[in-house]
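Me: I have a structure to go through with you, and I would like each answer reasoned out before it ends on the value or name I ask for. Please begin once it is on display.

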Amino acid sequence: HLFSMMRKHKQKPAKFQKIALERIKILFEQAKKNFSLDPKLSNRYVRLARKIAMRYKVKIESKYKRQYCKHCHTYFMPSKTCRVRTKDGKLIYSCFKCKKFSRFVYK
């Protein structure tokens, strides 16, 4: 009975997904460009990009995923909002706002 009430979410049309990816790209470019003027605006752009990705069921590219904190969604600018270290083949970003770590494997 419970499963019959649950609704399956349909995949969004490909043209909308393509537009969503373009918007996400633009938002991250704007976040980078405007960080020196207004860091809060950069954080807002990150949250908007995540909302678009969730709404249209698209994955944020890995190069953009490394640019914000997974925990508090702060835009990362090394030495301003995060610390970047390397250890055992991983990049470790530590967020100054929420004090949490994000680890990324690198080759």
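Me: What span in Å does α3 reach from its first C-alpha to its last?
Reply: This is a predicted model, in which local features need pLDDT of at least 70 and side-chain atom pairs count only at pLDDT 80 or more, while totals for chains, interfaces and linings use all residues. Residues are numbered from 1 along each chain as its sequence is written, and side-chain values use heavy atoms, with hydrogens and water left out. Helices are DSSP runs of H or I with at least four residues, strands are runs of E with at least two, and both are numbered from the N terminus. The helix α3 has 17 residues, and at 1.5 Å times one less than that number of residues the expected span is 24 Å, close to the value in the model, 25 Å.

Me: How are α2 and α3 oriented to each other?
Reply: Helix α2 (residues 14–34) and helix α3 (residues 39–55) pack with their axes 8 Å apart, at an angle of about 170 degrees, where axes are lines fitted to C-alpha atoms over the stretch in contact and angles run from 0 to 180 degrees between N-to-C directions. Angles under 35 degrees count as roughly parallel, over 145 as roughly antiparallel, 65 to 115 as roughly perpendicular and the rest as oblique. The two helices, α2 and α3, are therefore roughly antiparallel.

Me: Which helix do the buried residues of α3 pack against?
Reply: Buried means under 20% relative accessible area, exposed over 50% and partly exposed in between, with a 1.4 Å probe and protein chains only. In α3 the buried residues are S42, N43, Y45, V46, A49, I52 and A53. Taking contact as heavy atoms within 4.5 Å, the buried residues of α3 pack against α2.

Me: What relative accessible area does S42 have?
Reply: S42 lies in helix α3. Not counting residues up to four places away in sequence, S42 touches A31, N34, F35 and Y75. S42 is buried, and its relative accessible area is 0%.

Me: In the open sheet, which residue of β2 stands opposite T86?
Reply: Three strands form the open sheet in the order β1-β2-β3, with antiparallel pairing, two strands being paired if DSSP finds at least two bridges between them. The edge strands, each pairing on one side only, are β1 (82–87) and β3 (101–105). Six bridges join β1 to β2 (residues 90–95), and the residue of β2 opposite T86 is L91.
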